[in-house]
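Biologist: I'm new to this one, so please pick a single part and walk me through it closely. Start with the strands that sit side by side, then follow the rings.

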Amino acid sequence: MPDVRPPRMGFFTDTSVCIGCKACEVACKEWNEVPADVGPSGSGSTDMADLDLLGMSYDNSGALGASTWRHVAFVEAPPRDPAAGDVRWLMASDVCKHCTHAACLDVCPTGALMRTEFETVYVQPDICNGCGYCVPACPYGVIDIRPGDGRAFKCTLCYDRTKDGLTPACAQACPTESIQYGPLDELRERADRRLAQLQEAGVAGAQLYGRDPDDGVGGDGAFFLLLDEPEVYGLPPDPVVTTRDLPGMWKRAAAAAAGLAVAVAAAFIGGRR
């Protein structure tokens, strides 16, 4: 390990300048060789009859998954001012949040999930046994098991690029710089300035999501500037690390086991008398 650890790296996604081009989705798939996420179960079929086309949106990928590590959501929201039109288009490129307190990492029994030197959460596919414990543990519903493969996959924050000093593929491809990559502390300062700028311009509903280090997951390594409430984008309003109560549960279980052992021992000794 180096004598001086590198700073924590992450993403800041400014949805106010996202144009929904999906260049980030394409770049992610191409660089990481992620298979096509089409068909009723993400089978990767190229037969048009098997394409899982969404009839309710222009969004063709639907959600994050084992074969969609970046997902650009097309949200059709009602206008704040009815006179302004029939619909507001809210576009946002979603990704793994690389939580400070990552429940997926806590529950992994094989060590397939690990922290990199950049404090990102990385899946080692060659160690994953496909148990799936990480899937329900994630408060954001990000990590998933790939059909036909059986192992868990998610965004790696392009670790093979970042360790060589390169920008992740999605941020490199973003034409509007909606996705910004860099040291997390610098990104938070940049996000605060951008939020103040939008609020001063009268943009109602602008808020930062995942930026607060005191939230239920200790802050996200990938956070967002949203133009409406998180629920509108399909994000949990108050995410909490799902393993936060495990230490207390283990203590109570240990106390109960100790009490049972004492009772059994007492009964055994009493019986011998």
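Modeller: Here is the sheet, followed by the aromatic pairs. This is a predicted model, where local features need pLDDT of at least 70 and side-chain atom pairs count only at pLDDT 80 or more, while totals for chains, interfaces and linings use all residues. Residues are numbered from 1 along each chain as its sequence is written, and side-chain values use heavy atoms, leaving out hydrogens and water.

The sheet is an open one of 4 strands, in the order 8-1-10-9 with mixed pairing (strands are DSSP runs of E, at least two residues, and helices are runs of H or I, at least four, each numbered from the N terminus; two strands pair if DSSP finds at least two bridges between them). At its edges are strand 8 (179-183) and strand 9 (207-209), each pairing on one side only. From one strand to the next, the twist averages 20 degrees (angles run from 0 to 180 degrees between N-to-C directions, using axes fitted to C-alpha atoms, for helices over the stretch in contact).

Strand 1 (residues 9-14) runs antiparallel to strand 8, and 5 bridges join them. Look for Gly-10 there: Gly-182 in strand 8 stands opposite. Helix 6 (residues 184-200) lies across strand 1, strand 8, strand 9 and strand 10 (222-226), at about 135 degrees to strand 8 (contact means heavy atoms within 4.5 Å).

Now for the rings. The whole structure holds 6 aromatic pairs (Phe, Tyr or Trp rings, the six-membered one for Trp, with centres within 6.5 Å; planes under 30 degrees apart are stacked, over 60 edge-to-face, the rest tilted). One of them is Tyr-122 with Tyr-159, tilted at 55 degrees between the planes and 5.5 Å centre to centre. Tyr-122 belongs to strand 5 (residues 121-123) and Tyr-159 to helix 4 (residues 159-162), so this pair ties together parts 37 residues apart in sequence. Tyr-159 is buried at 17% relative accessible area (buried is under 20%, exposed over 50%, partly exposed in between, with a 1.4 Å probe and protein chains only), whereas Tyr-122, at 23%, counts as partly exposed.

Tyr-140 and Tyr-209 make an edge-to-face pair, 6.5 Å centre to centre with 80 degrees between the planes. This brings us back to the sheet: Tyr-209 is in strand 9, while Tyr-140 is in the loop between helix 3 (134-137) and strand 6 (144-145), 69 residues apart. Both Tyr-140 and Tyr-209 are buried. Tyr-140 has another partner too: the charged end of Lys-97 sits over its ring, 4.7 Å from the centre (NZ of Lys or CZ of Arg within 6 Å of the ring centre and within 35 degrees of the ring normal).
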